[in-house]
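Student: I should like to examine how the descriptive terms applied to this model are justified. May we go through them one at a time?

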Amino acid sequence: MKLWKTTLAAAVLSLAAATSAFAARSDLTLGIVLEPPHLDPTAGAAAAIGEVTYANVFEGLTRIDDNGQVQPALAQSWAVSDDGKVYTFKLHSGVKFHDGSAFSADDVKFSLDRARAKDSLNPQKPLFAHITNVTAVDPATVKVTLDGPQGDFLYDMGQVAAVIVGRASADGNKDKPIGTGPFKLDHWAKGSEITLVKNPDYWGTPAALDKATFRIVPDAAAAVPALLSGDIQAFANMPAQDALAQVQSDPRFSVVIGSTEGETILSINNKKPPFDKLAVRQALASAIDRSAIIAAASNGLGKPIGSHFSPGDAGYVDLTGVYPHDIAKAKAYLKEAGLENGFSATIKLPPVPYARDGGQVIQSQLKEIGVNLQIVPVEWAEWLSQVFTNKDYDLTIVSHVEPNDIDIYSRPGYYFQYDNPKFNDVIKELGTTVDKDKRLELLSEAQKILAHDVPAVYLFELPKIGVWDAKLQGMWTNWPIEADDLTKVKWTD
Amino acid sequence: MTAHLLKRLIIAALTLVLASIVVFAVMEILPGDPARLMLGMNASADQVEVLRNQMGLNAPLVLRYLHWAAGLLSLDFGRSYTYSVPVIDLVRERIAVSLPLALIALALSTIIAIPVGVFSASRQGRAGDTLAMGAAQLGVAVPNFWFALMLIYLFAVWLHLVPAGGFPGWSAGIWAALKSLLLPAVALALPQAAILARVARSALIEVLNEDYIRTARAKGLPYRAVLWRHALRNAMIPVLTILGLQFAFLLAGTIIIENVFYLPGLGRLIFQAITQRDLIVVESIVMLLVAAVILINLLVDFSYAIVDPRLRAIPGKVRSGFPSGIAPKQILRAVQRFRETRNRSRGRQ
């Protein structure tokens, strides 16, 4: 009798355990700070668009993984011609868009031709500039011809703005995104939340989550109670600020500090006197103390950088020691420039904590060498028109979040107003070099030129402060591109 | 009464026209290009120009104003640049949050403020009054976002009674939606109630010193009846004025509370639209709000007539409910002059 009871109890217990295992959660609510203006990555630059849609809703020929490596996506394999000009992509078959229409080579041709067209509004149009022809050989084969070998081509095809859209649905993607990914849009309550649900017809490995909600939490003060109350279970990048320590000490949450592609820099208007003098720029570089700026502007979490390159990427060279923090040396540089009494300038700061907080530290640091900065706070719209478009600025602080963007210093008319033929040659050669070792060598050379020539003062790499429920697995640690890829995210118990 | 109504309507129309010009001009002066904002830092100048043409930003200013104003007249509020949906749809979604929130907050504020005001006035200068007014002073002084955070930590994080923020939408059920509006409504109501209580108290004290109150008491009416039936009714005009202003504020001026509770309300929509230079959204919504404020003031004005029968008896007596900032003095004077000449011509007939 007793044995019978024990057996029954054991059976009940194991049954309970089994049900709880089956009942593992399959929904997730993530917090995001900025709401995407719309959901079409091929029509807008806002990073929030990619955060929600990349890999979840839309897929490209290739994709970028957590480590910044290129992986196959809609293209299962590819071949490159000997001269490096022709890429032949073999596509997955049986792929369907969320509206039920079949995906084929024709959609790839349509997407790439649309992105490179004369009237294209693709925010990353330069990525497609070297494509001269796209041919759908058969429904599962696409041939892309370039005007020359392109070292980054496969990577570029995995970027957010290079996702493949359907010919029939492309124009409606802003409001009703139709992709090929493992999640599809369920509804978007504007100003409140965007809900994705699992795509039952997905061609690849299905997602573990049935439902993912991106809830917009614009206020840093609201983010912490939202997390503590359990309303929100994950922030890919939390605006935690001072409350981070509180969350870190709570065993219910994982705090994972990762890296991004955001080089946070003190941009200099290189054509505007006195910044056209190398010695003045060297003085700025020697006068700033990165550790104090990192402490104030990123809670001490950013990694110091000495050039325009992410410490997480292959080919990184540590150049933070080129101009060490040295006030006497900085003053000597100013004297060399004929400005031993210092000078005054303005610094325009966009409305992000790293810029507003970092700007004040830089202001006080430069005061020590007699450079008086007047802080001018600006909104993003003003920053883009005044600083970026009209180049009406002396100094500014901004994070350049695009991956692999060291080439911006060679772009004509870019807001740095930097023009160094030697640097331009290196970038030109890099663009057409496919060989891995040669590429790393060129990248290292490019980094060194910038570090010594100081077209901008390099501050730190923006950290990604991942905070999520400790039972959640599969969230990205790093942000090689700004994406909240949920394809491998699941609850464990 | 009809003349009064007509006059108020003319003032309202003139105010709307003036407001539309000011709103349009201000948004045009604001630096920043919506097209560049949408396309970001890697787009070329040519691309920005293509988008500007698509958005109609390159048309002459006056033409764009007229086009927009004509749209407003036919109740077409245009399409959002960023969301690319009709502005009116955005407003409809947001008003479903903002209007109930404002109404709940207003109701809470009135329920708290009137009894406190009456209590204080009837015990003027005594301990109860000092205590109540001290509390009201505190209510005005406490920043409402801080108060909101305290409410969140207490009721959402600690007690788990309500969500910490967000709005599930009315489709999620009335109770779920109301639950998420409760804390924000309390946070909004407290400072409003504090102001209202102080106004109610001083208005009531003034009335209580009137002769007719003494007369009422002298003829033997109990103090309680005098206070609630005679005095309070006469003290309602300033209270109603403040209530009208508070309602207008609660509709769209609650951006901080909306941020703390991440509610998709009107205030946040305007704020977001300004930072994204979604000009058409800002312009159209501000115009809708101007119209709402004017309407509220009209209603307040007519409610004076309900609480104070004397205002019904004197035709055309000017009792402007407009805050001075909204109806320019010149307009008021112009209307006054219009009425005087009209009266004179009537006299000649």
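Student: What makes β5(A) and strand β7 of chain A a pair, and in which sense do they run?

Tutor: In this predicted model, five bridges join β5(A) to β7(A), residues 141–146, and the two run antiparallel. Two strands pair if DSSP finds at least two bridges between them, so the five bridges here satisfy the criterion. One bridge partner is V144(A) in β7(A), which is matched with Y87(A).

Student: How do you know that strand β4 of chain A also pairs with β5(A)?

Tutor: The same cut-off of at least two bridges applies. β4(A), residues 75–80, and β5(A) share five bridges in the antiparallel sense, and V80(A) stands opposite Y87(A). The two strands form a hairpin with five residues between them, and G84(A) in the turn has a positive phi of about 75 degrees.

Student: Which side chains of β5(A) are called buried, and which are not?

Tutor: Y87(A), F89(A) and L91(A) point to one face and are buried. The term requires 20 or more other C-beta atoms within 10 Å. V86(A), T88(A) and K90(A) point to the other face and are not buried. In a regular strand the side chains alternate between the two faces of the sheet.

Student: How many residues form the contact between chains A and B?

Tutor: Chain B gives 44 residues and chain A gives 39. On the side of chain B that touches chain A, α7(B) supplies the largest share, five residues.

Student: What is the make-up of that side of chain B by residue class?

Tutor: It divides into 24 nonpolar, 14 polar and six charged residues.

Definitions and conventions
Residues are numbered from 1 along each chain as its sequence is written. Chains are lettered from A and ligands numbered from 1 in the order in which they are written. This is a predicted model: local features need pLDDT of at least 70, side-chain atom pairs count only at pLDDT 80 or more; totals for chains, interfaces and linings use all residues. Two residues are in contact if their C-beta atoms, placed from the backbone, lie within 7 Å. Helices (H or I, at least four residues) and strands (E, at least two) are DSSP runs, numbered from the N terminus. Ala, Val, Leu, Ile, Met, Phe, Trp, Tyr, Cys and Pro count as nonpolar, Asp, Glu, Lys and Arg as charged, and the others, Gly among them, as polar. A residue is buried if 20 or more other C-beta atoms lie within 10 Å of its own, exposed if 12 or fewer, and partly exposed in between; C-beta atoms are placed from the backbone.
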